[in-house]
Amino acid sequence: KTRDAAAIISEACDNAPDPDQTPGATFKDIFNFNEEPFSRMLNTALGGDEDELKYRFLKEFYDGNTFINQHVGGGTYNIHNRAIQAFYRDSAKRDVVAWPSDVVNFDSCKINTVMCC
């Protein structure tokens, strides 16, 4: 009986379709740049274009150097902590997340793995 069960499982796995690896989310989805304090940051930056400012913010965030990295756990930036938690709960745990190839932070990662800690 054990061999029969193993054969059934093996056959089911062999005939299973390959999982869809199409990304359903990106790491940029963590933040809504139309909300505070991001909108204020983008509106008050002198002489910078909006896409460049978003890129610079995301790079600094991935490096751990933003106001959000420094104030985890509530307070003024609680809404952003909730957004990060929602991204983790909804996208990161249930979907394929696109590799953040548009920032250079992860260029040296040989196994293409990102972990939040």
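1. A reader might begin with V96, which is partly exposed in this predicted model, its relative accessible area being 25%. The label follows because that value lies between the 20% under which a residue is called buried and the 50% over which a residue is called exposed. As for its place in the chain, V96 belongs to the segment after α5.

2. The surroundings of V96 come from a distant part of the sequence: V96 and Q21 are separated by 75 residues along the chain, yet their C-alpha atoms are 6.3 Å apart in space. Once residues up to four places away in sequence are set aside, V96 touches D20, Q21, T22, P23, G24 and A25.

3. S91 makes a useful companion to this position, and it may be read alongside V96. S91 lies in helix α5, which covers residues 78-92. Is S91 buried or exposed? S91 is buried, because its relative accessible area of 18% falls under the 20% limit. Apart from neighbours within four places in sequence, the residues in contact with S91 are A25, A86 and V97. A25 therefore appears in the contact lists of both S91 and V96, as the 4.5 Å heavy-atom criterion defines them.

4. The next point concerns the nonpolar interior. The largest nonpolar core holds 13 residues, and those that touch the most other members are I30, F31, F33, F38, F57, F61 and I68. Two elements, α2 (38-44) and α3 (50-63), each give two or more residues to this core, and the largest share, 4 residues, is supplied by α3. As general background, nonpolar side chains in soluble globular proteins tend to be buried together.

5. Which residues are in contact with F57, leaving aside its neighbours within four places in sequence? They are F31, F33, F38, M41, T66, F67 and I68. Of these contacts, F31, F33, F38 and I68 are also named, together with F57 itself, among the core residues that touch the most other members.

6. Finally, the chain as a whole may be described. The secondary structure of the protein chain consists of 5 helices and 0 strands, and the order along the sequence reads α-α-α-α-α. Of the 117 residues in the protein chain, 22% are buried. When contacts between residues at least 6 apart in sequence are considered, 60% of them join residues at least 24 apart. The protein chain exposes about 8900 Å², and carbon and sulfur atoms account for 51% of that area.

Definitions and conventions. Residues numbered from 1 in each chain as written. Predicted model: local features only at pLDDT ≥ 70, side-chain atom pairs only at ≥ 80, totals over all residues. Heavy atoms only, no water. Buried < 20%, exposed > 50% of the residue type's maximum accessible area, 1.4 Å probe, protein only. Core = buried A, V, L, I, M, F, W, Y, C linked by side-chain atoms within 4.5 Å. Areas by Shrake-Rupley, 256 points an atom, 1.4 Å probe, with all protein chains shown as cover.
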